[in-house]
Amino acid sequence: MIAAPDRTPLTRDFFDRPVLDVAPDLLGRVLVRDSQDGPIELRLTEVEAYAGEVDPGSHAYRGRTARNGVMFEEPGHVYVYFTYGMWHCMNLVCGPPGMASAVLLRAGEITEGDELARKRRLSARNDKELAKGPARLATALDVDRSLNGSDACGDPDSPFTVLSGTPAHPDQVRSGPRTGVSGEGGVHPWRFWIANDPTVSPYRAHTPRRRRT
């Protein structure tokens, strides 16, 4: 008999660890998004670690700004950023305050609220694609910058909670280069995913954007 996923919320202590410990440990955990439209639950299957001011691939590499300020605050908070002028991406802050570490949520399986997710992801060809990639994940969960700074640890009024779920077995965890990250930040094998899971996004190396002439 397979045990049901553990619905105990993760505490702040879980996130108050080095980012390379937190990131793979998030695989198999369940992210709950509460909204006026109803709840959605997502089993995390792919993440990426970003290590702040020591990591050239991190938004916080050059220090604190208005955009990345949440990364420097308490672990367990949500950092949302806007990219390419059209997409939002969601991260969970970890490590002690001031260290600016965060885990990008790259992909997952919608386990509850799939009808609501489908309404937000009309271009998805099937349910496996609903949250297959960080922008798709944020769209399916209706995440935008208004949710930046939300506390995912213990705030009863927060739109987010992370449940213990069923952690991925270490034998099923894979790691490799981060997707679409250029330069020195692109060589770190800090993307983690569950092997053979159909919701994991395909790897893509960084491709420089061409300037319009």
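Leu 92 is in contact with a set of residues beyond its neighbours within four places in sequence: Phe 15, Leu 26, His 77, Val 78, Ala 102, Val 103, Leu 105, Ala 152 and Val 162. The model in which these contacts occur is predicted. Leu 92 also belongs to the largest nonpolar core, which holds 42 residues; together with Phe 15 and Leu 26, Leu 92 touches the most other members of that core. The largest share of the core comes from strand 3 (residues 40-51), which supplies 6 residues. Apart from this core lies another, of 13 residues, and Tyr 50, Val 70, Phe 72 and Cys 89 are among its members.

Phe 15 leads from the core to the aromatic residues. A search of the whole structure returns 2 aromatic pairs. In one of them, Phe 14 and Phe 15 meet edge-to-face, with 5.0 Å from centre to centre and 75° between the planes. Phe 15 has a relative accessibility of 0% and Phe 14 one of 11%; because buried means under 20%, both residues count as buried. The rings of Tyr 79 and Tyr 81 have centres 5.7 Å apart and planes at 40°, so this pair is classed as tilted. Both Tyr 79 and Tyr 81 are buried.

Charged side chains also meet aromatic rings in this model. Arg 17 lies over the face of Phe 14, at 4.6 Å from the ring centre, and Phe 14 is thus a ring that also takes part in the edge-to-face pair with Phe 15. Elsewhere, the charged end of Arg 191 is placed over the ring of Trp 193, at 4.1 Å from the centre of that ring.

The next topic is strand 2. In a regular strand, side chains alternate between the two faces of the sheet. In strand 2 (residues 30-33), Val 30 and Val 32 point one way, whereas Leu 31 and Arg 33 point the other way. Which of these residues are buried? All of them are, Arg 33 included.

Strand 2 has pairing partners in strand 3 and in strand 7. With strand 3, strand 2 pairs in the antiparallel sense over 4 bridges, and Val 32 stands opposite Glu 41 of strand 3. The hairpin of strand 2 and strand 3 has 6 residues between the strands, and Gly 38 takes a positive phi near 130° in this hairpin. With strand 7, strand 2 likewise pairs in the antiparallel sense over 4 bridges. Here Leu 31 stands opposite Val 162 in strand 7, and Val 162 is one of the residues in contact with Leu 92.

Positive phi values also occur at residues other than glycine. Ala 100 has a positive phi of about 60° although it is not a glycine. Ala 100 is located in the loop between strand 5 (87-94) and strand 6 (101-112). Is Ala 100 buried or exposed? Its relative accessibility is 0%, so Ala 100 counts as buried. Asp 142, also not a glycine, has a positive phi of about 55°. The loop that holds Asp 142 runs between helix 4 (134-140) and strand 7 (160-165). Asp 142 has a relative accessible area of 35% and is therefore partly exposed.

Notes
Residues are numbered from 1 along each chain as its sequence is written. This is a predicted model: local features need pLDDT of at least 70, side-chain atom pairs count only at pLDDT 80 or more; totals for chains, interfaces and linings use all residues. Side-chain values use heavy atoms; hydrogens and water are left out. Rings of Phe, Tyr and Trp (its six-membered ring) pair if their centres lie within 6.5 Å; planes under 30 degrees apart count as stacked, over 60 as edge-to-face and the rest as tilted. Buried means under 20% relative accessible area, exposed over 50%, partly exposed in between (1.4 Å probe, protein chains only). A charge sits over a ring if NZ of Lys or CZ of Arg is within 6 Å of the ring centre and within 35 degrees of the ring normal. Helices (H or I, at least four residues) and strands (E, at least two) are DSSP runs, numbered from the N terminus. A nonpolar core is a set of buried Ala, Val, Leu, Ile, Met, Phe, Trp, Tyr and Cys residues joined through side-chain atoms within 4.5 Å. Contact means heavy atoms within 4.5 Å. Two strands pair if DSSP finds at least two bridges between them.
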